[in-house]
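Student: I have a model open and would like to learn how to read its features. Could you walk me through it?

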Amino acid sequence: MKKWLLLLILTPFLIGLGLGAGAFYMKFPHDFWDRLLPVPHNELKVVVIRPRLNARQCAQAFYDQGALTGSPAELARWMARMGIDRRIRPGQYRVVKSDPWNMARQLQTAQPISSSLTIIPGMDIFSIRDIFNPQTNPLSPSSGDLLSLTLLDDRHYPEPMREFLPESEESRIAFLLPETYFVVDESPEELVRVASHSWWSRYGDRLPAGVTPEYLEERAIVASMVQREALWDAERPVVAGVIENRLNKDMLLQIDATVVYAWKLLGRDLRRVFHNDLTLNSPYNTYIIQGLPPAPICIPSAESWEAALAPEKNNHYYYVARKDGYHYFAETYEEHRRNIRKARTE
């Protein structure tokens, strides 16, 4: 039999065989193939897929991160054939290291691991590192040096925000908006990126015309003091107004929270401020320095930022805390002394 005749006879058979195999494959669910041809047991890998990657870039990520033993282009083709390219989501994927076909089979049912990082209002340059404590967050880096380097790297911030960024990491943490963020990976880079973008999305369009980096840093410092001084959100604009009034009168701010922070920088954790603590020679001690401290003392909440950007117009120069966390406010020192006695006898 001539070769062309044999080929003519076999071609429809082979086409039919291929179509039948394809139909058979498509007819049966994934778990059938998993039982029939299980993915070979191999090394477990965690692969990070970042947002806005196409199928070819995702396949390359699996290869670059050591989970793929074959060609990324072949994995991309399998992803397209199985429809994975249209539904793969950003996140961390735990997969068995394998060839392109077996990797695509895993991705048909794989779900990205949900990760979250939380910034709590009032965190300072010390406590923010607890987010990456290996005892509470075993998947994330624990190096404080890495967080410092990330905070000082302009590339992790929104581009229009970069011209306003202060120089120090103590000041830059104030521009991370407190929130729980669901992230691709639990790293300082991801935290700074999402939290700074959140801050800029909220306040970037609301900044006054001609705003300067110095102005924004001053507002950050005020917001951080408001955060520490006011327990209740309703009082934050009032406290911010008192700070503005004292600054305008060239009065010492005399804010206990700055003294607590000054001692913390020296390794001492104050629970209560006594008279002897007020003599500390520190640029953060607002009982002895004029004006604002050199940097924010903590990360302000959104409410504290709102208060610092729009302080209440009032005539108060003094306040004293009540037992319920609210304050008595006063215009004169004599009135303030009466409020102190009232707060102590409640």
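**Helix α12 and its neighbours**

Tutor: Let's start with one helix: in α12, the buried residues are Ala302, Ser304, Trp305, Ala307 and Ala308. Keep in mind as we go that this is a predicted model.

Student: How should I read such a list of positions in a helix?

Tutor: The general idea is that an α-helix has 3.6 residues a turn, so residues three or four places apart point the same way. Now for this case.

Student: Which helices do the buried residues of α12 pack against?

Tutor: They pack against α8, α9 and α10.

Student: And what about the protein as a whole?

Tutor: The protein has 13 helices and 6 strands. Of its 346 residues, 45% count as buried. If you take the contacts with a separation of 6 or more, 62% of them join residues 24 or more positions apart. The accessible surface comes to about 19,100 Å², and carbon and sulfur atoms hold 54% of that.

Student: How do I read a nonpolar core?

Tutor: In soluble globular proteins, nonpolar side chains tend to be buried together. Here, the largest nonpolar core has 63 residues, and those touching the most other members are Ile119, Ile128, Ile131, Leu151, Phe175, Trp199 and Ile243. Two or more residues of this core come from each of α6 (144-151), β4, α8, α9, α10, α11 and α12 (302-309). There is also a second, separate core of 21 residues, with Val47, Ala55, Ala61 and Ala76 among them.

Student: Which residues is Ile243 in contact with, leaving aside its neighbours within four places in sequence?

Tutor: Those contacts are Val222, Met225, Val226, Leu253 and Ile255.

Student: Let me try single residues. Is Thr286 buried or exposed?

Tutor: Thr286 counts as buried because its relative accessible area is 0%, and the cut-off for buried is under 20%. You will find Thr286 in the loop between α11 and α12. Not counting residues up to four places away in sequence, Thr286 touches Leu252, Leu253, Gln254, Ile255, Thr258, Gly291 and Pro293. Two of those names, Leu253 and Ile255, also appear among the contacts of Ile243.

Student: And Leu44, is that buried or exposed?

Tutor: Leu44 has a relative accessible area of 53%, so this residue is exposed; exposed means over 50%. Leu44 sits in strand β1 (residues 44-49). Setting aside residues up to four places away in sequence, Leu44 touches Arg94, Val95 and Val96. The C-alpha atoms of Leu44 and Ser98 are 9.6 Å apart, while 54 residues separate the two along the chain.

Student: Now for the empty space. How do I find that?

Tutor: Rolling a probe the size of a water molecule over the atoms shows where empty space is left. In this model, the largest pocket holds about 1,500 Å³ of space. Its lining has 38 residues, and Glu229, Asp256, Val273, Tyr287 and Ala321 lie nearest its centre. At least two lining residues come from each of α9 (213-229), α10 (236-248), α11 (256-265), β5 (318-321) and α13 (333-345).

Student: How many residues of that lining are nonpolar, polar and charged?

Tutor: The lining of the largest pocket divides into 23 nonpolar, 5 polar and 10 charged residues.

Student: What is the volume of the second largest pocket?

Tutor: That volume is about 210 Å³. The second largest pocket is lined by 14 residues, with Pro90, Ser115, Phe182, Val183 and Val184 closest to its centre. The elements giving two or more residues to this lining are β4 (180-183) and α8 (188-203). By type, the lining of the second largest pocket has 9 nonpolar, 3 polar and 2 charged residues.

How values were computed:
Residues numbered from 1 in each chain as written. Predicted model: local features only at pLDDT ≥ 70, side-chain atom pairs only at ≥ 80, totals over all residues. Heavy atoms only, no water. 1 Å grid on protein atoms, 1.4 Å probe; cavity = no way out; pocket = protein on both sides within 12 Å on 5 of 7 lines; lining within 4 Å. Points joined across faces, edges and corners; volume = space filled by probe spheres on them. Helix = DSSP H or I, 4+ residues; strand = E, 2+ residues; numbered from the N terminus. Nonpolar A, V, L, I, M, F, W, Y, C, P; charged D, E, K, R; others polar. Core = buried A, V, L, I, M, F, W, Y, C linked by side-chain atoms within 4.5 Å. Buried < 20%, exposed > 50% of the residue type's maximum accessible area, 1.4 Å probe, protein only. Contact = heavy atoms within 4.5 Å. Areas by Shrake-Rupley, 256 points an atom, 1.4 Å probe, with all protein chains shown as cover.
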